[in-house]
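Grab a pencil and work through these exercises with the structure open beside you. Try each task before you read its solution.

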Amino acid sequence: MARDSGNLERAKKRVNELKGYYRHIFIFLLVNGLLLVVRMGVLNGMMPEGFPNEPYFYDWIIGNIAIWGLILLVHTLLVFRHKFTFFKKWEERQIQKYMEEERDQVDKFK
(Lines give C-alpha, C1' and ligand atoms only; values in the text may rest on other atoms or scores of the structure.)
Protein backbone atom coordinates (compact mmCIF):
# COMPACT_ATOMS: atom_id res chain seq x y z
CA MET A 1 0.00 0.00 0.00
CA ALA A 2 2.80 2.43 0.90
CA ARG A 3 4.53 1.62 -2.36
CA ASP A 4 1.43 2.56 -4.34
CA SER A 5 1.21 5.80 -2.38
CA GLY A 6 4.83 6.63 -3.28
CA ASN A 7 4.16 5.87 -6.93
CA LEU A 8 1.08 8.09 -6.86
CA GLU A 9 3.04 10.96 -5.32
CA ARG A 10 5.80 10.64 -7.92
CA ALA A 11 3.21 10.55 -10.72
CA LYS A 12 1.50 13.67 -9.37
CA LYS A 13 4.85 15.45 -9.10
CA ARG A 14 5.68 14.49 -12.68
CA VAL A 15 2.30 15.74 -13.96
CA ASN A 16 2.83 19.05 -12.14
CA GLU A 17 6.30 19.38 -13.69
CA LEU A 18 4.84 18.82 -17.15
CA LYS A 19 2.00 21.28 -16.56
CA GLY A 20 4.50 23.92 -15.47
CA TYR A 21 6.66 23.20 -18.50
CA TYR A 22 3.76 23.47 -20.96
CA ARG A 23 2.61 26.67 -19.24
CA HIS A 24 6.15 28.05 -19.67
CA ILE A 25 6.07 27.25 -23.40
CA PHE A 26 2.64 28.85 -23.80
CA ILE A 27 3.68 32.07 -22.04
CA PHE A 28 6.97 32.15 -23.98
CA LEU A 29 5.14 31.91 -27.30
CA LEU A 30 2.44 34.39 -26.33
CA VAL A 31 4.71 37.11 -24.94
CA ASN A 32 7.46 36.80 -27.52
CA GLY A 33 4.96 36.49 -30.37
CA LEU A 34 3.38 39.76 -29.25
CA LEU A 35 6.81 41.38 -28.94
CA LEU A 36 7.71 40.27 -32.48
CA VAL A 37 4.45 41.72 -33.80
CA VAL A 38 5.30 45.03 -32.09
CA ARG A 39 8.84 44.90 -33.47
CA MET A 40 7.58 44.33 -37.02
CA GLY A 41 5.51 47.51 -36.72
CA VAL A 42 2.14 45.83 -37.23
CA LEU A 43 0.71 47.63 -34.21
CA ASN A 44 2.24 51.06 -34.90
CA GLY A 45 -1.18 52.53 -35.73
CA MET A 46 -2.52 51.42 -32.36
CA MET A 47 0.36 52.80 -30.30
CA PRO A 48 -0.16 56.01 -28.30
CA GLU A 49 1.15 59.32 -29.64
CA GLY A 50 4.84 59.76 -28.98
CA PHE A 51 5.50 56.04 -28.59
CA PRO A 52 8.87 55.26 -30.20
CA ASN A 53 8.51 53.46 -33.52
CA GLU A 54 12.11 53.53 -34.72
CA PRO A 55 13.37 50.02 -35.58
CA TYR A 56 16.47 50.30 -33.37
CA PHE A 57 14.24 50.88 -30.31
CA TYR A 58 13.09 47.25 -30.52
CA ASP A 59 16.51 45.60 -30.90
CA TRP A 60 16.29 44.33 -27.30
CA ILE A 61 13.44 42.02 -28.29
CA ILE A 62 15.76 39.60 -30.09
CA GLY A 63 18.04 39.46 -27.05
CA ASN A 64 15.02 38.83 -24.84
CA ILE A 65 13.90 35.94 -27.02
CA ALA A 66 17.42 34.46 -27.06
CA ILE A 67 17.86 34.63 -23.28
CA TRP A 68 14.37 33.36 -22.55
CA GLY A 69 14.92 30.62 -25.13
CA LEU A 70 18.03 29.48 -23.26
CA ILE A 71 16.08 29.45 -20.01
CA LEU A 72 13.38 27.38 -21.72
CA LEU A 73 16.07 24.98 -22.97
CA VAL A 74 17.34 24.51 -19.41
CA HIS A 75 13.76 23.94 -18.24
CA THR A 76 13.34 21.32 -20.99
CA LEU A 77 16.50 19.53 -19.88
CA LEU A 78 15.31 19.51 -16.27
CA VAL A 79 11.82 18.26 -17.05
CA PHE A 80 12.99 15.52 -19.41
CA ARG A 81 16.15 14.62 -17.47
CA HIS A 82 15.08 10.99 -17.16
CA LYS A 83 15.10 10.71 -20.96
CA PHE A 84 18.79 11.65 -21.15
CA THR A 85 20.66 8.53 -20.09
CA PHE A 86 24.04 10.05 -20.92
CA PHE A 87 24.35 11.62 -17.48
CA LYS A 88 23.41 8.44 -15.65
CA LYS A 89 25.87 6.37 -17.71
CA TRP A 90 28.58 8.98 -17.16
CA GLU A 91 27.94 8.89 -13.43
CA GLU A 92 28.16 5.09 -13.36
CA ARG A 93 31.43 5.18 -15.34
CA GLN A 94 32.93 7.73 -12.95
CA ILE A 95 31.93 5.66 -9.92
CA GLN A 96 33.46 2.56 -11.49
CA LYS A 97 36.64 4.48 -12.36
CA TYR A 98 37.11 5.77 -8.80
CA MET A 99 36.39 2.36 -7.31
CA GLU A 100 39.06 0.81 -9.55
CA GLU A 101 41.55 3.55 -8.60
CA GLU A 102 40.84 2.91 -4.93
CA ARG A 103 41.26 -0.82 -5.43
CA ASP A 104 44.57 -0.27 -7.26
CA GLN A 105 45.88 1.89 -4.44
CA VAL A 106 44.91 -0.69 -1.81
CA ASP A 107 46.62 -3.41 -3.89
CA LYS A 108 49.78 -1.27 -4.11
CA PHE A 109 50.19 -1.18 -0.36
CA LYS A 110 49.72 -4.91 0.13
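## Exercise 1: A salt-bridge network

Arginine 81 has a relative accessible area of 45%, so it counts as partly exposed. Keep in mind that you're looking at a predicted model.

**Task.** Find which residues are linked with Arg81 in a network of salt bridges.

**Solution.**

Step 1. Start at arginine 81 and look for a partner of opposite charge. Its side chain meets that of glutamate 17 in a salt bridge, at 3.2 Å from N to O. This pair ties together distant parts of the chain: glutamate 17 sits in helix α1, arginine 81 in the loop between α2 and α3, and they are 64 residues apart.

Step 2. Now check glutamate 17 for another partner. Its side chain also meets the one of arginine 14 in a salt bridge, this time at 3.4 Å, N to O. These two are 3 residues apart in helix α1, which means about one helical turn separates them. Here's the general idea: an α-helix has 3.6 residues a turn, so residues three or four places apart point the same way.

Step 3. Put the pieces together: the network is made of Arg14, Glu17 and Arg81.

Step 4. How exposed are the two helix partners? Glutamate 17 has a relative accessible area of 22%, so it is partly exposed. Arginine 14 is at 22% too, and counts as partly exposed.

## Exercise 2: One more bridge

**Task.** Work out which residue's side chain meets that of arginine 39 in a salt bridge.

**Solution.**

Step 1. The partner is aspartate 59, with a distance of 3.4 Å from N to O.

Step 2. Locate both ends. Arginine 39 belongs to helix α1 and aspartate 59 to the loop between α1 and α2, so this pair, 20 residues apart, links distant parts of the chain.

Step 3. Check the exposure. Arginine 39 is partly exposed at 33% relative accessible area, and aspartate 59 is partly exposed at 44%.

Step 4. Check the tally: the structure holds 3 salt bridges.

## Exercise 3: The two sides of α2

**Task.** Test whether the length of helix α2 agrees with its residue count, then find where its buried residues lie.

**Solution.**

Step 1. Helix α2 covers residues 60-79, which is 20 residues, and at 1.5 Å a residue it should span 28 Å. Its end C-alpha atoms are 28 Å apart, so the two values agree.

Step 2. List the buried residues, meaning those under 20% relative accessible area. In α2 they are Ile61, Ile65, Trp68, Leu72, Thr76 and Val79. They cover an arc of only 95 degrees around the axis, so they lie on the same side of α2.

Step 3. Flip to the face turned away from that buried side. There you'll spot Ile67 and Leu70, which are exposed.

## Exercise 4: A surface patch

**Task.** Name the residues that form a nonpolar patch on the surface.

**Solution.**

Step 1. The patch consists of Phe26, Ile27, Leu30 and Val31, with about 360 Å² of accessible area together.

Step 2. Zoom in on one member. Valine 31 lies in helix α1, residues 2-40, and at 31% relative accessibility it counts as partly exposed.

## Exercise 5: The whole chain

**Task.** Decide whether the protein chain is more spread out than a compact globule, or not.

**Solution.**

Step 1. Count the elements: there are 3 helices and 0 strands. From the N terminus they run α-α-α.

Step 2. Compare the radii. The radius of gyration is 25 Å, well over the 13 Å that the globule rule gives for 110 residues, so the chain is more spread out than a compact globule.

Step 3. Look at the box that the C-alpha atoms fill: roughly 85 × 45 × 15 Å along the principal axes. Buried residues make up 13% of the 110 residues.

Conventions
Residues numbered from 1 in each chain as written. Predicted model: local features only at pLDDT ≥ 70, side-chain atom pairs only at ≥ 80, totals over all residues. Heavy atoms only, no water. Helix = DSSP H or I, 4+ residues; strand = E, 2+ residues; numbered from the N terminus. Expected span 1.5 Å × (residues − 1). Buried < 20%, exposed > 50% of the residue type's maximum accessible area, 1.4 Å probe, protein only. Arc of directions from axis to C-beta. Patch = residues over 30% accessible without salt bridge, like charges linked within 9 Å, V, L, I, M, F, W, Y side chains within 5 Å. Areas by Shrake-Rupley, 256 points an atom, 1.4 Å probe, with all protein chains shown as cover. Salt bridge = Lys/Arg side-chain N within 4 Å of Asp/Glu carboxyl O. Rg over C-alpha atoms; globule rule 2.2 N^0.38 Å.
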